[in-house]
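Thank you all for coming; I would like to walk you through one model this morning, taking its charged pairs in turn and then a residue beside one of them. Please have the sequence and the structure open while I speak.

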Amino acid sequence: MAKSVVVLDYGSGNLRSAERAVARTGVDVTVTSDLAAAAEADGLVVPGVGAYAACMAGIEALNAGPVIAERVAAGKPVLGICVGMQILFESGVEHGVETKGLGLLPGSVTKLSARRIPHMGWNTVDVAEGSRLLDDLPPGARFYFVHSYAAQDLDLLGHARVTTASHDLPFAAVVEAGALSAAQFHPEKSADSGYLLLSNWVATL
């Protein structure tokens with residue numbers, strides 16, 4: 001029987017492209033705001049595009065935070081993508097306003113320290129030793145990024161496997177912390193490299 005994955009619908013965009021990309025790996029994918037389904041699925045994907053505060057408002061309106069946290073505590077896989085990664089941190093600061101996040105990863109998401117914002121386009125990554133999500137990634141493989149904010153205080157993530165990318169300065173591109181995984185780039189827009197990450201994640205379910 002195929003594994004089941006829920007793509008959480010909390011009002012953020014990019015749901016259908018995430019659904020199609022995950023479905024390519026051979027799992028049964030459902031896009032839903034049903035928290036019972038999100039709790040029970042073999043894997044949960046938390047997507048996200050746009051503003052940090054808006055994504056958190058959607059999570060809070062659905063009361064999805066406790067379900068995500070309970071999954072992680074129980075060792076049930078969760079994958080955050082783009083802003084869906086960022087809201088896993090303790091907070092996000094956009095336009096001088098700090099918004100509380102889910103607090104499942106330590107630290108804050110802040111504006112990239114770079115000359116050119118946003119960071120948009122294809123980038124290589126420095127794969128963390130022992131990474132499961134990027135196992136067998138070919139040398140020089142690239143992922144597609146579109147963002148102006150990221151987790152940049154990498155010292156706080158010492159308990160996790162952290163794959164970095166650089167846009168003038170390094171930032172967290174992939175974080176793996178037990179059942180919790182997150183990618184700052186868009187796997188669904190990253191061709192074969194993105195498919196490899198999603199396939200490796202599905203293999204952990």
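**Salt bridges and a buried valine**

Let me begin with helix α1, residues 15–23, where E19 and R16 both lie, 3 residues apart, which is about one turn of the helix. Please keep in mind that this is a predicted model. Side chains of opposite charge can pair when their charged atoms come close, and here E19 forms a salt bridge with R16, with 3.0 Å between the closest N and O atoms. R16 itself is partly exposed, its relative accessible area being 49%.

How many salt bridges does the structure hold? There are 2, and D168 and R115 form one of them, their closest N and O atoms again lying 3.0 Å apart. D168 sits in the loop between β11 and β12, whereas R115 sits in the loop between β7 and β8, so this pair ties together parts that are 53 residues apart in sequence. As for accessibility, D168 is partly exposed at 41%, while R115, at 78%, counts as exposed.

Returning to E19 and R16, both are touched by V31, whose contacts beyond four places in sequence also include V7, D9 and L15. V31 belongs to strand β2, residues 28–32, and is it buried or exposed? Its relative accessibility is 18%, so V31 counts as buried, the cut-off being under 20%.

Finally, the UniProt record, an unreviewed entry, places a glutamine amidotransferase domain at residues 6–191, and in the model that span is 22% helix and 37% strand, with its end C-alpha atoms 21 Å apart.

Note on methods:
Residues are numbered from 1 along each chain as its sequence is written. This is a predicted model: local features need pLDDT of at least 70, side-chain atom pairs count only at pLDDT 80 or more; totals for chains, interfaces and linings use all residues. Side-chain values use heavy atoms; hydrogens and water are left out. UniProt positions are given in the numbering used here, feature names are shortened, and annotations may be inferred rather than shown by experiment. Helices (H or I, at least four residues) and strands (E, at least two) are DSSP runs, numbered from the N terminus. Buried means under 20% relative accessible area, exposed over 50%, partly exposed in between (1.4 Å probe, protein chains only). Contact means heavy atoms within 4.5 Å. A salt bridge is a side-chain nitrogen of Lys or Arg within 4 Å of a carboxyl oxygen of Asp or Glu.
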